[in-house]
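Student: I have a model open and want to go through it. Can you take my questions as they come?

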Amino acid sequence: MRMTKAPAPSPAPSPPAAGSDRIELLQTFVRIVESGSLSAAAQQLGTTQPTVSRRLQALERSLGLRLLQRSTHAMKLTDDGERCFAHASELLAHWLAMESDLRGAHDTPRGLLRVQAPHAFGQDQLIAPLADFLRRHPGVSVEWLLHDRPPDFIAEGIDCAIQVGPLLDPSVVAVHIAEVPRIVVAAPQLLEAHGGPPAHPHGLRDLPWLALRTYYVREVVLYAEDAHGVGGDDGHGAGPAPETIAIEPRMRTDSLHALRHAALAGLGTALVSAWVVQEDLRSGRLVHLVPGWHASPLPVHLVYPPARHQPARLRAFLEAMRVAIPSLAGMRARR
């Protein structure tokens, strides 16, 4: 919803609300403006739309001002609403900073935390550390949102995100905590039909391919590991030159789980995150091809909007994930 200024008559002022009530009314008003609607604000605040509407009306009565001009299809900030939003945003930031400073180490994590994570990673690898976090902080609840797109922190009221892959938004705070190794795999039946596994990346060109369109579609670039089995500072090592394999995928998907199942069915060769195929490799359902070669690892970041104050629940969650994620099976610490 686009907020624009519109003149409007002002209601008569009423007696001021108590201090705690005023903070709640201002928080609700700011959330309405940032989210774009009363219904979105209600969802993010964990309450109902009528409650949000009553709080807005109470704030307008308390100030004796009309802040939002509402119609059936849109809402517009009045001139007074524009000024109120600017003052309220700054006031709330100072209020939260004061609370954080005064409570310090005694601030117990509590309340609702909205977190976005990638679909496959969030369904599988991250549930165990999430469960451990919730056990240690019984006053916190989490809304676990699974999307492979960048988070919209303001519109969706997201507190933080766990992102895998390159970052596209330079305005956020991003903490690089881990890496996802990527390897080439195929089903034994596919390899048997093509004369066995290739000994060198050159042989990968003769195999049918699958593509994870989020990261590759037309080509795959592989790098040789050095003598210690790890890459150099840039993740590529100092060995042979990179190998670029042009591919014409039989199937493209944006789902890592769909890619894995297609590889298990023998539809083609795939470049996948190592963690998703660990059990398949151990059981022999998939084969790790050219094991001395790997693609660039995908970075894992904890991402959140900049703010003067972070509530205790967010600080605790960020620290828990910073420690837990690099130690997950199939992951590795940031180099």
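**Surface, pockets and salt bridges**

Tutor: Leu91 is partly exposed, with a relative accessible area of 39%. Bear in mind that this is a predicted model.

Student: Which helix is Leu91 in?

Tutor: Leu91 belongs to helix H4, which covers residues 79-103.

Student: Which residues make up the nonpolar patch on the surface with Leu91?

Tutor: Trp95 and Met98. Together with Leu91 they have about 260 Å² of accessible area.

Student: Pockets next. How much space lies in the largest pocket?

Tutor: About 1700 Å³. The lining has 44 residues, and Arg31, Leu96, Asp159, Pro311 and Arg313 are the closest to the centre of that pocket.

Student: Which elements give two or more residues to that lining?

Tutor: Helix H1 (19-35), helix H2 (38-45), H4, strand S3 (111-117) and helix H10 (312-324). The largest share comes from H4, with eight residues.

Student: And how do the residues of that lining divide into nonpolar, polar and charged?

Tutor: There are 20 nonpolar, 10 polar and 14 charged residues in the lining of the largest pocket.

Student: What about the second largest pocket, how much space is there?

Tutor: The second largest pocket holds about 640 Å³. It is lined by 38 residues, and those nearest its centre are Pro118, Asp148, Val164, Thr214 and Tyr215.

Student: Which elements give two or more residues there?

Tutor: The helices are H5 (119-123) and H8 (256-264). The strands are S3, S5 (160-164), S6 (173-186), S11 (270-273) and S13.

Student: How does the lining of the second largest pocket divide?

Tutor: Into 23 nonpolar, 10 polar and five charged residues.

Student: Changing topic. How many salt bridges does the structure hold?

Tutor: The count is 12. One of them joins the side chains of Glu179 and Arg332, at 3.1 Å from N to O.

Student: Where do those two sit in the chain?

Tutor: Glu179 is in strand S6 and Arg332 is in strand S14 (residues 332-333). They are 153 residues apart, and the pair links distant parts of the chain.

Student: Are Glu179 and Arg332 buried or exposed?

Tutor: Glu179 and Arg332 are both buried.

Student: What is the N to O distance for Asp280 and Arg260?

Tutor: Their side chains form a salt bridge at 2.6 Å, N to O. Asp280 is in helix H9 (residues 278-283) and Arg260 is in helix H8, 20 residues apart. Both residues are buried.

Student: Which residues are joined with them into one network?

Tutor: Arg285. Salt bridges with shared partners connect Arg260, Asp280 and Arg285.

Student: And Glu156 with Arg149, what is the N to O distance there?

Tutor: That salt bridge between their side chains is at 3.1 Å, N to O. Glu156 is partly exposed at 21% relative accessible area, and Arg149 is also partly exposed, at 37%.

Student: Last one, backbone. What is the phi of Val290?

Tutor: Val290 has a positive phi of about 35°, although it is not a glycine. Most residues other than glycine have a negative phi.

Student: Where is Val290 found?

Tutor: Val290 is in the loop between strand S12 (287-289) and strand S13 (293-304).

Student: Why does Val290 count as buried?

Tutor: Because its relative accessibility is 3%, and the cut-off for buried is under 20%.

Notes. Residues numbered from 1 in each chain as written. Predicted model: local features only at pLDDT ≥ 70, side-chain atom pairs only at ≥ 80, totals over all residues. Heavy atoms only, no water. Patch = residues over 30% accessible without salt bridge, like charges linked within 9 Å, V, L, I, M, F, W, Y side chains within 5 Å. Areas by Shrake-Rupley, 256 points an atom, 1.4 Å probe, with all protein chains shown as cover. Salt bridge = Lys/Arg side-chain N within 4 Å of Asp/Glu carboxyl O. Helix = DSSP H or I, 4+ residues; strand = E, 2+ residues; numbered from the N terminus. Buried < 20%, exposed > 50% of the residue type's maximum accessible area, 1.4 Å probe, protein only. 1 Å grid on protein atoms, 1.4 Å probe; cavity = no way out; pocket = protein on both sides within 12 Å on 5 of 7 lines; lining within 4 Å. Points joined across faces, edges and corners; volume = space filled by probe spheres on them. Nonpolar A, V, L, I, M, F, W, Y, C, P; charged D, E, K, R; others polar.
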